[in-house]
Amino acid sequence: MRKIISTMWVTLDGFIAGPNGEMDWIGELYDEAMGKYESDFVNAADTLLLGRVTYQSFAGSWPHVPDSPNASEGEKEYARTLNAMQKIVFSRTLESAEWNNSRLLKEVNPAEIEQLKREPGRDIIIYGSASLVQTLTNLSLIDEYQILVHPVILGGGKPLFQDIKDRVKLKLVNTKTHPSGVVVLYYQPSEMRNSTL
């Protein structure tokens, strides 16, 4: 069975963005190790799950990168990988999802997600999309969390996890430290909870 793996950048004090959605603190620590992490992450998967905000951000930029004279070859290769992946977008407000290989779903149906996990192929990943991560966490559908802890303290902002219904016990299965000071923590649920289906 395929796994659903979430990756998320977070500050040391647990925020994924500043009070006004600021994410400038990420670029300051983006290095070769981060580029390799992201490349390895997407190349191990063939399906991408996205919420509306992340989808609109990605769809507005990545389709154009392969033809951009300003993009590096690494960025172009990464963009080609993303563009080729199957993308499932969860949004109640979007009317359509035009990005190549995208499918729009109006709501999260746990049975559909379980069926997706049973299909042949590589892993299923979630980039950002905090509200989607929170929904799937409440349904016990995420198999691994990869948390990239940045050595930055914001003092306020948007927290990684909100509105989680039940305590989720995780086990640490791996760690990696980048030269920038970013620490990647790999967690898997230590027990599967009964979801409220």
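Which residues line the second largest pocket? Hi everyone, let's start right there. The lining is made of A33, K36, Y37, D40, F41, Q146, K176, H178 and Y186. Before going on, please keep in mind that this is a predicted model.

So, how much space lies in that second largest pocket? About 220 Å³. Helix 2 gives the largest share of its lining, with five residues. If you sort the lining by class, you get four nonpolar, two polar and three charged residues.

Now for the largest pocket. A quick reminder of the idea behind pockets: when a probe the size of a water molecule is rolled over the atoms, it shows where empty space is left. In this model, the largest pocket holds about 1300 Å³ of space. Its lining counts 43 residues, and those closest to the centre are T54, F58, Y127, G128 and S129. Which elements give two or more residues to this lining? They are strand 1 (4-11), strand 2 (15-17), helix 2 (32-43), helix 3 (52-59), helix 4 (73-84) and helix 6 (130-138). By class, this lining has 18 nonpolar, 17 polar and eight charged residues.

One small stop at strand 2, where you will find A17. Is A17 buried or exposed? The relative accessibility of A17 is 7%, and the cut-off for buried is under 20%, so A17 counts as buried. Try finding G156 on your screens as well: A17 and G156 are 139 residues apart along the chain, yet 8.6 Å separates their C-alpha atoms.

Next, the aromatic rings. How many aromatic pairs are there? The count comes to six. Let me show you two of them.

The first one I picked is F41 with Y127, an edge-to-face pair with 5.6 Å from centre to centre and 75° between the planes. F41 belongs to helix 2 and Y127 to strand 6 (residues 123-127), so to speak of distant parts of the chain is fair here: the two are 86 residues apart. Both rings are tucked away, too. F41 has a relative accessible area of 6%, which makes it buried, and Y127 is also buried, at 8% relative accessibility.

The other pair is Y55 with W99. Why is this pair called tilted? The ring centres are 6.1 Å apart and the planes meet at 50°, so the pair falls in the tilted class. Y55 sits in helix 3, while W99 sits in the loop between strand 4 (86-90) and strand 5 (102-105); the two are 44 residues apart and link distant parts of the chain. Y55 and W99 are both buried.

Stay with W99 for a moment, as K87 places its charged end over the W99 ring, 4.5 Å from the ring centre. And going back to F41 and Y127, these two join Y37 and F58 in one aromatic cluster. You have met Y37 and F41 already, in the lining of the second largest pocket.

Last topic: charges. Side chains of opposite charge can pair when their charged atoms come close. How many salt bridges does the model have? Seven, and I will show you three.

In one of them, E119 meets R2, with 3.9 Å from N to O. E119 lies in the loop between helix 5 (110-118) and strand 6, and R2 lies in the segment before strand 1, so this bridge ties together parts that are 117 residues apart in sequence. The partners sit in unlike surroundings: E119 is partly exposed at 32% relative accessibility, whereas R2 is buried at 5%.

Another bridge joins D143 and K117, whose closest N and O atoms are 2.9 Å apart. D143 is in the loop between helix 6 and strand 7 (144-150) and K117 is in helix 5, so parts 26 residues apart in sequence are tied together. D143 and K117 are both buried. Salt bridges with shared partners also join R2, D46 and E119 into one network.

The third bridge is a local one, between R80 and E77, with the closest N and O atoms 3.2 Å apart. Both lie in helix 4, three residues apart, which is about one turn of the helix. R80 is partly exposed at 35% relative accessibility, and E77 is partly exposed at 45%.

That's my tour. Thanks for listening!

Notes. Residues numbered from 1 in each chain as written. Predicted model: local features only at pLDDT ≥ 70, side-chain atom pairs only at ≥ 80, totals over all residues. Heavy atoms only, no water. 1 Å grid on protein atoms, 1.4 Å probe; cavity = no way out; pocket = protein on both sides within 12 Å on 5 of 7 lines; lining within 4 Å. Points joined across faces, edges and corners; volume = space filled by probe spheres on them. Helix = DSSP H or I, 4+ residues; strand = E, 2+ residues; numbered from the N terminus. Nonpolar A, V, L, I, M, F, W, Y, C, P; charged D, E, K, R; others polar. Phe/Tyr/Trp six-rings, centres within 6.5 Å; stacked < 30°, edge-to-face > 60°. Buried < 20%, exposed > 50% of the residue type's maximum accessible area, 1.4 Å probe, protein only. Lys NZ or Arg CZ within 6 Å of the ring centre and 35° of its normal. Salt bridge = Lys/Arg side-chain N within 4 Å of Asp/Glu carboxyl O.
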